[in-house]
Amino acid sequence: MAGKKREIQLQAVIDNQSLWDEMLQNKGLTVIDVYQAWCGPCKAMQTLFRKLKNELNEDEILHFAVAEADSIVTLQPFRDKCEPVFLFSVNGKIIAKIKGANAPLVNQKIITLINEERKIAAGEMVRPQYHEVALVDSDSEDAGETCSESVDEPYSIVIINPDAVIARKVLEIKDKIIDAQFVIEAEDKRLLTKEQVRYFYSQTANEPDFEDFVSFMTSGLSYILVISQKKEQQPPWGESEANSEMEARETGRPAGDGQVAGMKHKQDSLHEYMGRQHLSQFCDIEENITNTKLIDIFFPDFKRMKSIKLEKILALLRPYLFYEKKEDVLNIIQEEGFKIMMQRQIVFSEEEAQTLCKEYENKDYFENLIENMTSGPSLALVLLRENCLTHWKQLIGPSTVEEAREHLPESLCTRFAMESLPINQLYGSDSLEAAEREIQYFFPPQHTVALIKPHVSPEQREDILTLIKEDGFDITQVKEVLLTEDKADKVYFKIKGKAFYKDVLEILSEGPSLVMILTKWNAVLDWRRLMGPTDPEEARLLSPDSIRARYGRSILRNVVHGASNTQEAMETINNMFEGLLPENPDED
Ligand SMILES: Nc1ncnc2c1ncn2[C@@H]1O[C@H](COP(=O)(O)OP(=O)(O)OP(=O)(O)O)[C@@H](O)[C@H]1O
C-alpha cells in the first residue's frame, strides 16, 4: 500500500521523507540505523536488535528502523559516510546518536531508554526533558551527543571510604575540593558493589590483600564525587609547595586500616592537594578521566545528569484553594512534569503565616490574609523538576491577582483567584536556598531502621537500594551484620515471644543482613508503605508496587523489615548503631 511502512523482518524500511515523518509518530523508542544506499543497513547489529526485541518483549514501545540517508532530506548530513550511525528517537524526538557499530554501547542505550519508558509508564519516574540531538556528522558533535565513550573535559573521581564517612569527613573533604576551585558535577552516598570496587581499583587487583580491601570498601557507605576543574582558573596552590614529607606519607597507607598499602600513588594536582590538606588517607582519587566508562559504573546517566539539573522547591496551596480545588491543581502539577516528592496538610500558626506572607505585610488586607492562612489546612508540597523554581514561578504567576490579570492572564494566580483576598492562592520558594530552609522546616527529617534480609540476591539488593533512593530516602548508615540470636533480639525484640520467632531466627542465620538507618520526613510510615504488607501474597494484591510484592517469596522470606513506630525505630538504631546516628540528619 502506497505511503505505508514496509516491515522487513524486525526493522521498518524508511526510504523517503514522508515515511521518516510518519516514523516519528511512533510511541516510545525507535532505534534507527542510518545507512547508505550503496552499502545497505548494518547487518552486524541485526542480531543484537533481534535479541533485544525478544528479551525485552516491548513491541508497543520498542521499534527498529533502517533509514536511507540519500533519500531523506533530514538525514542529508549523513550522506556519503562509510560508518553506520544509530539514532535514538523517543516519542519522535532524536535524543541520542551513536556512530559506528558499537554493539555494547547500543545495547546499553536501548536497555536504559526502555527501562526509563517502563518507569515512566508505571508512574515511578517523570519523563526527562530530553535535549534534541543536532543531526550533523562532525566528530566533535558525536563525542558530546552520544553519552558514550569520551567526554570533552577531563573529570576526576573521588571515593571517600566507609571509615571516613563514619568519621564524618565528607563535608570537610567537599569543602576543601570546592575551596580549590573544583566543581562537584555529581555526588552520591551509597553502598558500593564488589564489581564497582574491583573495577575502580583494578590496577591493584594483584595485591595480596585486595579481596580484604574489597570487603572493607563494601562494608559501609562510601561517598562518590565526580569533579571537574573550574574553567580558566589556576588552582590556588603552587606546584612549588610540594611537600616531600607529605609525599612520603601518601605513598604508604597506614597498615591495619583495612586498606591495601599504597593503593594509589598517582602524584598529580588534586592528589597532592588532598595530601597537603591531610585528607588523602580518607579518599582515593582517579584523575583526568576522559573515558566515561569509569564514570558510567557509578553514574550511568552522568551526561544527562549534567545537562539536567533537577531542583526541589516548597510549594503551597493556601487553605481556600486546598479546600475548593485541590484535585484541579494537583492535575496541573502532574501535567507540567513536576514530581511530588512529599506532601502534607498543615495548619499554620500565626507566626508561620506571618513569615510566609511577609511580602504582603504593608497591605491593608494583611490581617485578613493571616486570618485566612490560619483558618484551616494548607497543602505543602515538595516539588521536583528540571528548572523547578523558575517553572513553578511562571506557572503560578505574580503575587497579586491585579498584577496577574494584567501581565499573566493564563497563570494559576488568575485562574484560581479569590475575590475576597486579592493574592496568589499558590506559593513557591523564592530561591533554592530558601527552598532548602523551608523544606527542612515543614518536612523535618525522621529516622527509621530498615533491614534487607539474607535471602535477597545481590541484584535484588541493588534494586531495593535504588527503590529506596527513588522514594526520597537518604541512606544515613549501613552495616552488614550476621543476625545471630543475640543480635536478632536487638532488632526483633517486639516478636520475641511469638511462636514463629524461631523460624525468623533461622531465616536470619542464613547470611548477613543489611541493616540501615533511613532518613526522610515521615520515614517510619513511608518505609512501611514502601515495604508493603508482611505477607507477599497479600502485598501483591493490595500494594503491587511494594518491595515485598515485587521480591517476596513467603511470609518468612519477605525480603525486608522496618520499625513499626518511632520509638521502636530509635530503640533499634541505638541497639545496632551505638553513637553513629548524626543528631542532625543532614550532618553528613
Ligand atoms: N504468622 C506468621 N508466620 C510466620 N512468620 C511471620 C508471621 N507473622 C510475622 N512473621 C515474620 O516475622 C516478621 C516480623 O513480624 P511482625 O509482626 O513484626 O511483622 P511486620 O511488622 O509486618 O514486619 P516487620 O517487623 O518484619 O517489618 C515478619 O516480617 C515475618 O517475616
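Helices and strands here are runs of DSSP states, H or I over at least four residues for a helix and E over at least two for a strand, numbered from the N terminus. On that count the protein in this predicted model has 26 helices and 18 strands. It runs to 588 residues, and 33% of them are buried. Long-range pairing does much of the work in the contact list: of the contacts with a separation of 6 or more, 73% join residues 24 or more positions apart.

How far to trust all this? Mean pLDDT for the protein comes out at 84, with 86% of residues at 70 or more. For the complex, the predictor reports an ipTM of 0.96 and a pTM of 0.64. Two stretches stay under 50 in pLDDT. One is residues 1-7, with seven contacts beyond four places in sequence in the model. The other covers residues 233-268, and there the model has 50 such contacts beyond four places in sequence.

Next, the ligand. The shell around it is made up of K494, I495, F500, D503, V504, T534, I555, L556, N558, H561, G562 and S564. Two elements, α22 (501-508) and β18, each give two or more residues to that shell. By character, the shell splits into five nonpolar residues, five polar and two charged.

The UniProt record (an unreviewed entry) can be laid over this picture. Its "binding site" feature sits at K453, F500, R528, T534, R548 and N558. Among the residues around the ligand are F500, T534 and N558, which the record also lists under that feature. F500 is in the loop between α21 (485-491) and α22. It counts as exposed because just 10 C-beta neighbours fall inside 10 Å, and the cut-off for exposed is 12 or fewer.

R548, another position under the "binding site" feature, belongs to helix α25. Here the count goes the other way: R548 has 24 C-beta neighbours inside 10 Å, so it is classed as buried, the threshold being 20 or more. Leaving out residues up to four places away in sequence, R548 touches M531, G532, P533, P536, A539, N558, V559 and V560. One of these, N558, is also part of the shell around the ligand.

The "active site" annotation, again from the unreviewed UniProt entry, takes in H278 and H561. Where do H278 and H561 sit? H278 is in the loop between α10 (269-276) and β10 (283-291), whereas H561 is in strand β18. Are they buried or exposed? H278 is exposed, since 12 other C-beta atoms lie within 10 Å, while H561 is buried because 22 other C-beta atoms lie within 10 Å. Setting aside neighbours within four places in sequence, H561 makes contact with A450, L451 and K453. K453 turns up in the "binding site" feature as well, and H561 itself is one of the residues around the ligand.

Helix α23 (residues 523-531) is worth a look of its own. Its buried residues are A523, V524, W527, L530 and M531. These residues lie on the same side of α23, because the arc they cover around the axis is only 130°. What packs over them? The cover includes β15 (446-452), α20 (458-470), β17 (513-520), α25 (547-551), β18 (560-562) and α26 (566-576). Two elements from the paragraphs above thus reappear in that cover, α25 and β18: α25 carries R548 and β18 carries H561. The link also shows up in the contacts of R548, which include M531, one of the buried residues of α23. Just after the helix comes G532, with a positive phi of about 90°, and G532 is also among the residues that R548 touches.

Finally, some backbone oddities. N91 has a positive phi, near 45°, despite being a residue other than glycine. It is located in the loop between β5 (85-90) and β6 (93-99). N91 is partly exposed, as 16 other C-beta atoms lie within 10 Å. N387 is likewise a residue other than glycine with a positive phi, in this case near 55°. The loop that holds N387 runs between β13 (378-386) and α16 (388-396). N387 also counts as partly exposed, with 14 C-beta neighbours inside 10 Å.

Methods:
Residues are numbered from 1 along each chain as its sequence is written. This is a predicted model: local features need pLDDT of at least 70, side-chain atom pairs count only at pLDDT 80 or more; totals for chains, interfaces and linings use all residues. The arc is that of the directions from the helix axis to the C-beta atoms. UniProt positions are given in the numbering used here, feature names are shortened, and annotations may be inferred rather than shown by experiment. A residue is near a molecule or strand if its C-beta atom, placed from the backbone, lies within 6 Å of it. Ala, Val, Leu, Ile, Met, Phe, Trp, Tyr, Cys and Pro count as nonpolar, Asp, Glu, Lys and Arg as charged, and the others, Gly among them, as polar. pLDDT is the predictor's confidence in each residue, from 0 to 100.
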